[in-house]
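Colleague: Please take me through the parallel sheet in this model. I would like its strands, its edges and what packs on it, set against the rest of the chain.

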Amino acid sequence: MSAWDKNDDLKAALPEVPPTNGTQAEGAVTEVRSAPIGDWGKKTENNYDENLEDTSWEGNVRVYEWDGEEGDLGPEHPELEAVLFGDPATRDPQGIDFSKIDNITVTQEGLQRIHPISSFKDAGLHPAMLRNVDLCGYKTPTPIQRYCIPAIKMGYDLLAIAQTGSGKTAAYLVPILNHLMGKAKKLAAPRPHPSEAAAGARVRAEPLVVVVVPARELAIQIFNEARKFCYRTMLRPCVVYGGGPMRDQIDNLQRGCDILIGSPGRLINLMEKADILSLRRVKYMVIDEADEMLHADWEEEFNKILGGGEQEEGNVKYMLFSATFPTAIRNLAKTHLAENYVRVRVGRIGSTHENIKQDIIFVEQSMKKQALIDLLYSLEPARTIIFVNSKRTADELDDFLFNKELPCTSMHSDRTQREREDAMRAFRLGKTPLFVTTGVTARGIDVRNVMHVINFDLPNMDHGGIQEYVHRIGRTGRIGHHGLATSFYTERDEPIAKLLTMTLMETGQAIPEFLEQYKPEDTDISKLKFEYNTDEEDPGESGDAWDAGAGEAGEASGDSWGTGGGDSGAPNGNEGGGDSGGWGAPTNGSGGNGGWAAPAASSVEVAW
Ligand SMILES: Nc1ncnc2c1ncn2[C@@H]1O[C@H](COP(=O)(O)OP(=O)(O)OP(=O)(O)O)[C@@H](O)[C@H]1O
């Protein structure tokens with residue numbers, strides 16, 4: 001365990017951010033320190049030559065290998081278990097405060113009403129999957145998991161929106177893999193026995209699940225999660241991403257691939273090699289960070305991936321996940337989903353967690369570096385991500401901090417993939433607890449114990465805007481932990497000021513004096529209008545709520561994990577009949593007016 005993993009929750013010690021030498025806050029006391037108050041450890045320099053010798057690309061790590069003779073379930077493998085799930089001493093989540101997560105309102109829409117599970121035990125998971133969940137240290141499902149697990153089990157397309165760090169990855173991996181694990185032999189493509197693969201036997205990869213994500217590091221991270229949930233199943237995960245070694249990635253695919261996680265460019269590249277990869281067997285297509293993937297910049301890639309499967313119409317379930325979802329992109333998203341898709345939203349779309357303390361400090365542009373050093377020197381050392389808006393600033397800041405003897409590393413899109421993986425690894429391991437990066441890591445990246453996010457530059461409204469702010473600060477305060485997000489605000493940040501102020505108000509953060517002028521006239525928090533994704537535009541959300549009633553949780557329980565086609569209740573009828581529970585289309589839906597909701601959609605709010 002790294003020293004940086006010991007204080008699982010520094011929350012109690014979360015400091016008030018002191019004014020820095022760079023602030024203009026009136027009456028600010030500018031205590032300038034010339035040295036850090038704690039021990040940051042040694043500054044380190046990456047030796048890339050040494051690393052070049054190292055062939056351990058992140059995609060080449062071990063996965064559970066099925067030798068095909070154990071029936072549906074492979075034997076336990078204690079050594080691999082320790083590799084996948086880590087030191088048992090650090091598995092159990094400590095310091096997690098689920099109270100804030102559990103109080104968030106959950107809204108669901110669509111023709112079908114989903115009954116949330118109350119515990120993993122009630123989810124009808126295969127005992128081996130339940131054990132994998134337990135090995136991960138998950139005791140209780142998060143709200144998004146409570147809804148997504150039964151919805152996916154029942155076979156619906158899904159649009160799921162929940163705050164950063166709220167467990168969206170497991171919300172789709174667990175039910176999808178659970179559903180497929182009993183059917184792997186029937187559905188999966190033939191593959192060489194591991195001993196034959198070692199002797200060079202190869203097949204074409206024909207995955208059952210494809211997960212598409214917008215960033216390479218995120219693909220690697222989700223692959224690592226998939227490795228855990230595939231443990232002892234017959235399902236073999238692979239990852240492909242740009243910049244990584246093509247030869248190794250192809251080699252891995254050709255040993256058999258059931259779950260493929262990829263960044264779009266490399267995925268398309270490989271799809272063009274018909275003897276290497278075919279999407280003809282795909283049953284589930286998951287688009288993570290879906291609002292980013294549906295962005296116009298990705299349109300071509302996105303359409304190629306969605307259209308490249310030769311699957312029968314209606315045979316693929318589509319799942320879209322994100323923490324943010326601007327209205328226009330939500331409207332586009334629905335065109336990719338079946339009419340009877342289910343939509344689940346936890347809290348306001350794009351809202352931040354109360355667990356993240358947000359501080360905004362006014363800084364003169366020319367004083368930012370000084371302000372940063374003041375800030376770092378005045379707080380206890382803590383694993384920290386520093387976001388900047390340009391590659392040049394990332395390089396400069398890395399140098400600057402390094403010259404101050406602080407242990408930092410940095411990443412941006414001009415770095416080689418080897419450098420990117422090294423930097424990420426050094427930060428994850430706590431070797432370099434300061435990580436300077438551009439927005440390339442704003443989304444999805446989950447590093448244990450990130451206590452502080454600093455926006456050295458606030459996101460530009462033309463590049464990411466308030467959504468990027470939400471994703472960036474969401475690298476801390478994950479899954480019930482507490483974190484601090486400090487942003488340097490300069491005169492140039494005026495365009496984001498209004499949305500930023502409302503975002504602060506929503507979670508009861510202190511509004512600094514210089515932002516007071518941007519407060520809306522009506523300060524009633526329930527009436528805040530986030531123009532970029534007004535929920536009013538979502539028909540079906542206003543009235544017609546189904547009576548949530550009591551006893552919601554647990555109703556999806558009971559039936560056992562997949563034996564053949566009977567458990568899905570697949571609404572498209574493509575995996576047999578089932579037990580969708582007789583939720584006929586409600587007659588009171590409002591749907592309709594060309595906007596977001598599916599026909600006759602209705603919604604229900606459930607306060608947890
Ligand atoms: N039920 C659970 N109990 C405890 N920890 C969990 C649970 N579900 C997920 N986690 C952990 O919570 C962390 C955040 O999960 P995840 O990365 O899936 O969040 P996310 O909602 O996808 O966030 P983002 O929007 O930033 O991508 C991970 O470390 C994951 O292992």
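Modeller: This is a predicted model, and the protein in it has 20 helices and 15 strands. Of its 608 residues, 48% count as buried. Contacts reach far along the chain: among those between residues at least 6 apart in sequence, 80% join residues at least 24 apart.

The division into domains comes next. Domain 1 covers 54-346 and domain 2 covers 356-521. Their C-alpha centres lie 29 Å apart. The contact between them takes 27 residues from domain 1 and 20 residues from domain 2. On the side of domain 1 that touches domain 2, helix α10 (residues 216-229) gives the most, with four residues. By class, that side of domain 1 has 10 nonpolar, 10 polar and seven charged residues.

Now the sheet you asked about. Six strands form an open sheet with parallel pairing, in the order β9-β14-β13-β10-β12-β11. Which strands stand at the edges? They are β9 (356-362) and β11 (408-411). Each has a single partner strand, so one side of each is left without a neighbour in the sheet. Neighbouring strands here are turned by 20 degrees against each other on average, direction ignored.

In general, strands of a sheet pair through backbone hydrogen bonds, either parallel or antiparallel.

Start at the β9 edge. Strand β14 spans residues 483-489, and seven bridges join β9 to it. The two strands run parallel. One bridge can be placed by residue: Q358 has A485 in β14 as its partner.

Two helices lie across strands of the sheet. Helix α16 (residues 368-378) lies across β9, β13 (452-455) and β14. The angle between α16 and β14 is about 160 degrees. Helix α17 (residues 391-403) lies across β10 (384-387), β11 and β12 (434-437). It runs at about 175 degrees to β11. Each helix thus goes with one of the edge strands: β9 is among those α16 lies across, and β11 is among those α17 lies across.

One loop between sheet strands deserves a look. N449 lies in the loop between β12 and β13. Its phi is near 60 degrees, a positive value in a residue other than glycine. Is N449 buried or exposed? N449 is buried, with 22 other C-beta atoms within 10 Å; the cut-off for buried is 20 or more.

For a comparison site, go to domain 1, which covers 54-346. R232 is in the loop between α10 and β4. Phi of R232 is near 70 degrees, again a positive value in a residue other than glycine. R232 is buried, with 23 other C-beta atoms within 10 Å. The helix before this loop, α10, is the one that gives four residues to the side touching domain 2.

Strand β4 (237-240) comes after that loop, and it leads on to helix α11. The buried residues of α11 (residues 246-253) are Q249, N252 and L253. Seen down the axis of α11, they fall within an arc of 100 degrees, so they line one face of the helix. What covers these buried residues includes β4.

To return to your sheet: β9 and β11 stand at its edges, with α16 lying across β9, β13 and β14 and α17 across β10, β11 and β12.

Technical notes
Residues are numbered from 1 along each chain as its sequence is written. This is a predicted model: local features need pLDDT of at least 70, side-chain atom pairs count only at pLDDT 80 or more; totals for chains, interfaces and linings use all residues. Two strands pair if DSSP finds at least two bridges between them. Axes are lines fitted to C-alpha atoms, for helices over the stretch in contact, and angles run from 0 to 180 degrees between N-to-C directions. Two residues are in contact if their C-beta atoms, placed from the backbone, lie within 7 Å. A residue is buried if 20 or more other C-beta atoms lie within 10 Å of its own, exposed if 12 or fewer, and partly exposed in between; C-beta atoms are placed from the backbone. The arc is that of the directions from the helix axis to the C-beta atoms. Domain bounds come from an automatic or database domain assignment. Ala, Val, Leu, Ile, Met, Phe, Trp, Tyr, Cys and Pro count as nonpolar, Asp, Glu, Lys and Arg as charged, and the others, Gly among them, as polar.
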